[in-house]
Every structure is written in structure tokens, then in C-alpha cells.
Amino acid sequence: MSHYEVKAGPISFLPPAAASMGNVLPDPGEAHIEGRIVPEEEAYEYCARKILAAKVPTIFPGPLVLWKWNDHVAEKAKAIRELANEAPMRLIPMADYRPKYPKIDAAVEINPNHPNLTIWHNKIDACIFVGVHCHQANLALKMIRAATNCYTMAMCAQAGHEDACLSFRDASVEKIKKITAAVKKLKSEGVKSQATDFAQFSMDRKGFIVAPS
Amino acid sequence: MNKQVELKGKRIIASNHVKLGQKNKKGQTYTDINDIFFKAEQEPNFLTGSEVIKEAIKRCSVGTSVAYPITPQSEAAALIGEIYAEGYLDEYFRGESEFAVMGQCAGAAFGGHRVFTTTAGPGTLRAMENFPMWAGSRLPIQVCVTCRGINSPLSIQPDTLEMHYLLETGMLVWHAETAQDLYDYILKGFIVAEQPDVHIPIAVCCDGFFVTHTKDTVDLSPLDLCLTPYDPYKSPVTCMDMESAPIRMMRDPFIMKSNYINYSTHASWQQEVKAAMERSRKHTIPLIGGLIDEENTDREILIVGSGTAVSQSREAIRLLAEDGIKVGLVKIKTIRPFPYEEIKRVTKNAKHIFVPEFNIAGWLAREIKSTIPDNERVYCGPHVMGGMTMPSEVIVEEIKKHLGVETGNLMDM
């Protein structure tokens, strides 16, 4: 069945929403790769390969996993950290969706109102959205695809995202761990991470960078 | 399309709600929508459309309903007040105007309530600014629009022109033909509109008086079953966040004009609301049995309509058959999302497509004309407006005239 291919950009000044091009979201047990519906199991390895092949693979954790609003989320956050350590991947938070005055610090944050700035600044070529509210994730995914060459992936806790190049749905701790396991497996088979060296920054509770100083 | 959405043998992936199976304060059991409609036994009742709205809301676990009088929805709004007194809703009050009502509905929805209201005619237009605001804010509010005339001199009689104004608000717009449709669409509309990947408002429209004030037999689901309540934790946006758009704009209009929100964000935002509407197809098709109903669409002459124009067309088709003229029928159930692919498919072989409407604009005919190839096949009419009825004989006469068939005086039939 033909479908609108959701490839990495830059696509155009204003690419269409994939849903408006007829792309349908996956059902439970499925994922999509570039608009093609696949069994979820197929997407884990594909996702892991994209992570390992990227020079600046990055996770964008959103407020739904950054704040401990229930115990399940705390577990999810730990699983995300394990994935970041295993790959390795950078962690750049989308802590909230506020417009930032006078401008964002693109080195350490991403914002759905101008996500391309963070992608450009850090030369991010593959990313995973996790814990971002679906509406804001969709805004950002379309803008990233419009203006950057970043390969976007979404670990969505709800129904998934057509505007990501690859999307899981019903994201759980187990599913995040499955990506980590897929990364480990590929590495054990000799696939090497192409990630450039980096030092992960960390913030204090007020949002100030405390390391590396 | 990357995946076929099946019409048959598939149920909407409705709910794994934490309250599924629990009882509410009225003793009703929170039940999956599939079980309410496809498992539970439905019981026939003889009711007016207004009473049907009341019965539907009894089963919808509505948090807030805001009322304001305008014919022909006033009776339904008053009846909802009665069931509020019986404890079926958490909040119910009268707003200061339709504009205020829709703002108050937004407030309740931002706070996490399931919200229902009703309006009609000039009330719909007075409230209009709020509808794209609801959609942009991703608020899955349901408004039942009991269509009537909107112009001066005032007519309280049926006229569907107000639906034309709703088409690009970003809301789902469904059009009920009968009181049964109205009942089904109110319950099912909440479930579709509240899906996390949809999560936009819905206007369930019906033709005023023809549906609201006439009695019909309607199958109702058991009163001891009700929809699972709205779950704000599945919302695709944060709940009432004063720091983020769109609420932020209310206290800080500066950001609307600045580059702190990229213009691409505004564009992407609009695209996303439209995308949400597209996503609703997947949930709507299995739940209401497709976006259209079709009868004998292999025929060369078709009538395509929505609302009570479909009922009148059914009788017209029977009359035409008596004269040996075979006509097929397409009933459009959802105006937004519009069933583009379905209409293209069913009109593929038609040579003449008639679109009867209860409004002067002929907005449905325009939609169809913009959808299909060789659109000179579409005949925009017959039209009535301002509260006129559309006797089936008028449809027959207009079809015969267009086909060059001797009509006689059909109004004397």
C-alpha cells in the first residue's frame, strides 16, 4: 500500500502534516517507520541502528518524564537514562513549553516554539522524543523535518506520531528497555556507535548548569 | 494511505480507563463504548429529539454543561438542567450569552471536565470566535447545534446555513439525520473527540424542529451503563498551563506578535489541528459504521445529502421508482472530516448527482464539487431555506426537470 514517506528533512519551507497526506497511526503492537506500518519488534532494531549511526544522537525528554508525578514515570526516567548511557546519547530536556525570553540556550534546552534552533546549534542528526505532550511533540516534529536533516523518532505514551520518521506507541518502561537491549545487541555484533565525544551537562534544581563547569 | 481502516469486524480501541467497571454516584457502571452499543441490549423509546439529548447526556458522564436559551435548543438545555438536579452532572449553570457560554465551556474543559452545551442559529454565530479557540486549545468539548435560520428577519425554523460557518473552525462536524443518529452521535462523539490523537471539539448538528421537536422511536442503551469519564491525563496538551500558549496569550498578548513563538509554530499548530481531524477517521469509521451510508450507488442518478434532506430524499427515491427512474442514495454523516475518498468512490459511475439542501448557499454541493472529477455532474439542489420544508415531491420534480422528463404538476400528487 502506498504511503507518504516521512523521511528526514530538510523537506520544504512548510511540509504537510503526514496525517493530512493519509498516513494512519499504528495500532497497538505496531509502529511506523517513515510512514510504513510495521510490527513493533521490527522497529526496535531499526531505531537502535539509527541511534548508533548518528554523530550526535540525542534524547529530548519532556515534562511527562522529567517530573516525578507518579512512580511509573520515575521508572521510565531511569530507563531513559540507561538508554542514554548505553548508546551513548545526549540528553537535552524539553522541560516545559514556555516561550523563552530573551531566547533559549540552545546548548542545554529545546523548546517546541523553535526546536530547529537546538538541532542546528548542536548539529543533532538523530533524536528521540519521549515524555513530550503529543500536541507539542507534533509541532516540533514538523518544524524539525521542515528545516533540519535530523532523523526524528518518537517514544509516545499514547497513539504515536505520524510526523516522526519512526514512532512507537503506548511507550512503557519495558519498551524503552527494549531499545536499550537492541542497542546492546547490535554493539555485541560489532556495530559501533558513531557518536562524537561529548560531556553530558547536568542541572541543579533551579535549572543552572552545574557540570561540566 | 499507509493502512486501510476497516469498517467491519473492528471496534474502536476505546478505553483502558482506570474507572472501567466502577460505579458512579448514580449507580451507573462506567462502560466501554463498544460494550454500550455493540453488546448491551438497546430498548426502543418514543421521544422528541430534545428528550433524546437529555437521555444521551444522562449516559455521558458529563462534568459541566452551560446553558443559554435560544430556540430550538432551549428545551434540551432546560432538560439537562433537570438531570443536573437529579445528580447526573457535576456542574450546570446559565451563561450570560452564547459567547460567554462557550468561554465558560472552555474554562471547564481546560480544568479537565467533560463539557457539553447546546446552541442554535444566531447563537452559533455569536459564539463563533470560541470555536477555533477550542480547537486550537485542543479542548474536546461537544456542542449540539440544532440548526435554524441565522439572518434577519429572524426565523426560528430549520435552516442549515450555520453549519457552513463551522466547517473551517477546526471542529469535528457531524450531521444527524434522525433522533437515533443524534443519540448515537452524542455518545460516540465524546469518545472520538477525546481520543488523545484527536482531542478537538465536536459539533453534533441536527436540523432544528424536524429532529428536536418531532417524536421518533429511538433505541436507547441501558441507563445503568455510562461512558467512562474524560481522562485529562491523556490530553495531548498540558492542563490549564498559565505559562504556555494558548493560555499564556491571555495574560501576555505580546508573545502573539513576537518571534518568541516562531511563525512556523503557528503554521504547524494549524496543521496539527487539521491533522487531528484526519486522525478521527480511524476512530469514527468503526464506531458509526463509516463516514457515509450508501444505497444503490451503482445507479447513474444519485442523491447525496446530509441531515433530514436524506430522509426527504428516501421518499423521493421511492416516488421516482414508481415512475421507473432508479436513483441511488448517499448519506453523509460527517461533514468534518469530509469523506473525500468515500464520495469519490461512490460517485464514480454516476452521471447525475443531486444535492438537496436546507440552505441558500449550497455548501454541501460545493464540498462535493470540489471533491470529485467531472463536477459538472453535480446539480446543486433543490434548495429550500428560511424554514421552508422540502417535500419529497419537490425533489422529484427538480430531478425530473433536470433529466428532461415530463413532470406534470407533482405538487398535486
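## Exercises: sheets and domains in a predicted model

In chain B, an open sheet of 5 strands runs β11-β13-β12-β15-β16, with mixed pairing. The model is predicted.

**Exercise 1.** Find which strands of this chain B sheet stand at the edges, and why one side of each is left without a neighbour.

*Solution.* Start with the strand order, β11-β13-β12-β15-β16 in chain B. Then look at the edges: β11 (292-295) and β16 (378-379) of chain B stand there. Each has a single partner strand, so one side of each has no neighbour in the sheet.

**Exercise 2.** Determine in which sense β12 and β13 of chain B pair, parallel or antiparallel, and over how many bridges. Then place helix α12 of chain B.

*Solution.* Take β12 (residues 301-305) and β13 (residues 327-332) of chain B: 5 bridges join them in the parallel sense. For the register, B:Ile303 stands opposite B:Leu329 in β13(B). Now add helix α12 (residues 308-322) of chain B, which packs on the sheet and touches β12 and β13 of chain B. The helix direction makes about 175° with that of β13(B).

**Exercise 3.** Describe how domain 1 of chain B meets domain 2 of chain B.

*Solution.* Set the bounds: the assignment gives domain 1 as 29-234 and domain 2 as 292-412 in chain B. Their centres, taken over C-alpha atoms, are 28 Å apart. The contact takes 21 residues from domain 1 and 20 residues from domain 2 of chain B. On the domain 1 side, α7 (161-166), β7 (172-175) and β8 (202-207) of chain B each give two or more residues. β7(B) gives the most, with 4 residues. By class, this side has 12 nonpolar, 6 polar and 3 charged residues.

Conventions
Residues are numbered from 1 along each chain as its sequence is written. Chains are lettered from A and ligands numbered from 1 in the order in which they are written. This is a predicted model: local features need pLDDT of at least 70, side-chain atom pairs count only at pLDDT 80 or more; totals for chains, interfaces and linings use all residues. Two strands pair if DSSP finds at least two bridges between them. Two residues are in contact if their C-beta atoms, placed from the backbone, lie within 7 Å. Axes are lines fitted to C-alpha atoms, for helices over the stretch in contact, and angles run from 0 to 180 degrees between N-to-C directions. Domain bounds come from an automatic or database domain assignment. Ala, Val, Leu, Ile, Met, Phe, Trp, Tyr, Cys and Pro count as nonpolar, Asp, Glu, Lys and Arg as charged, and the others, Gly among them, as polar.
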